[in-house]
Amino acid sequence: MKNIYIIFFVLITLFTNNQVLALNFDTSIDAEIKQKYNSTKLENEVLPNLPKVPASSKPAYKNNTTIPKETSQETKPTITKVDPKDAIKINKRTKFQANSNQKISDWLSEGTLVSFTTTLPVYKKYVTIPSGTKITAMITDSHQPQITGNGGLVELKITAMNYNGKNYTLNGKITKANHKKIFFNNIKGKRKYLKGIANQVNNGEKFYKKSRNISGKLANNPIGVIFSPIPTVIGIAGYSICTILSPITAIGTKGENITIPAGSQFEIKLLDNAFIY
C-alpha cells in the first residue's frame, strides 16, 4: 500500500514539473520574439497597404433599382400628310415581299403593332421602293384556341410604310405567311374538331380490343369460359357509345395555337392606292 502512495506522489511531482517547464519554455519564446521584432511595426509598416479602388469604378446599386424589361412592341409611327395631287401613287394590289421583325402569335392583344422589312424592291413608274423598307401593321383581332375545336386567330391590318425617313399611310392585308395562302386576312390555327372525333372513335376501338383480350383469357379457363362473352359485350357497348357520342365529346377539343417566329416570310397586298413623296 505504501508503494502505491509513493508511485502516486512521484507521478504528481513529475507532471507538475513538466507543466512548469512547459510554461517556462513558452514564456522564454515569447520574450525572445518581443526582443527581436516589433509587432506594431510589422502591422503598420512592413505589411503592404491594401489597393484603393477609385470611387468611379465601384458599382452603384440601389435597392429600388428597376431593371427595364425588353419589349418588341412597335411604337405608333407619325404619319406624314400627303396631298394626292402632288404625290406619287402606288396602285392598289401592289405586293410586297417581307420578313417579320417580331414573333406573331394569338397571345398578342388587339391594337398591338408589329412590323415587317421588305426583302425585294418594288418598281413603279416614278419611284422604286427599295428592299429594307419598314412596313407597320396592327392586330385588329385575335383569340386563342377555343373549346369548340377552333384554333387561334390573328388578323393583321397594314397601316404604314417608312420611305426616305417618312411614314406614309397604307391600307393592306396579309395574303401569304410562310408561303401559305391567307384568306380573308385571317391567320388561323388548325381546327381539331374532326381530329377530336377520330380520337374518340379510336379510344372506343382500343377499349373493345382490350375487352376481347380479356374474353380470350377467360375462355382458356374451364370456369372462366362461362363468363368470357361478358367483356366482349361490354367492349362492343363501349365502342358504340364512343362512336355515337364522338361529335359531342369532340367539342371540348381545342385547336392549335398560332406562333409565327420572327424572320418568317410574308406577302403583303395593298387594298387601296397609297401616296408618297
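This is a short dialogue about reading a few residues in a predicted model.

Reader: Before we dive in, what should I know about the model and its numbering?

Author: It's a predicted model, so local features need pLDDT of at least 70 and side-chain atom pairs count only at pLDDT 80 or more, while totals for chains, interfaces and linings use all residues. Residues are numbered from 1 along each chain as its sequence is written, and side-chain values use heavy atoms, leaving out hydrogens and water.

Reader: Where does Tyr-163 sit?

Author: Helices (H or I, at least four residues) and strands (E, at least two) are DSSP runs, numbered from the N terminus. Tyr-163 belongs to strand E8, residues 153-163.

Reader: Is Tyr-163 buried or exposed?

Author: Buried means under 20% relative accessible area, exposed over 50%, and partly exposed in between, using a 1.4 Å probe and protein chains only. Tyr-163 has 11%, so it counts as buried.

Reader: Which residues does Tyr-163 contact, leaving aside its neighbours within four places in sequence?

Author: Contact means heavy atoms within 4.5 Å. With those neighbours left aside, the partners of Tyr-163 include Val-127, Pro-130, Tyr-168 and Tyr-277. Tyr-277 is 114 residues apart from Tyr-163 along the chain, yet their C-alpha atoms are separated by 8.7 Å.

Reader: Okay, how about Glu-267? What joins the side chains of Glu-267 and Thr-175?

Author: That takes one more term: a polar contact is a pair of N or O atoms within 3.5 Å; within protein, one must be able to donate a hydrogen and the other to accept it, and residues adjacent in sequence count only if both atoms are side-chain atoms. Here, the Glu-267 and Thr-175 side chains make one of 2.6 Å. Glu-267 is found in strand E13 (residues 265-270), and its relative accessible area of 8% is why it counts as buried.

Reader: Can we try a helix? Why does Ser-246 count as buried or exposed?

Author: Ser-246 lies in helix H4 and counts as buried because its relative accessibility is 2%. Its side chain reaches the backbone oxygen of Thr-243 at 2.8 Å. Beyond neighbours within four places in sequence, Ser-246 is in contact with Ile-197, Gln-200 and Val-201.

Reader: And Ile-230, is that buried, partly exposed or exposed?

Author: Ile-230 is in helix H4 too, which covers residues 229-249, but at 45% relative accessible area Ile-230 is partly exposed.

Reader: Last one: where is Asp-83?

Author: Look in the loop between helix H2 (39-46) and strand E1 (88-90). Asp-83 is partly exposed, at 35% relative accessibility. The C-alpha atoms of Asp-83 and Phe-275 are separated by 8.0 Å, with their positions 192 residues apart along the chain.
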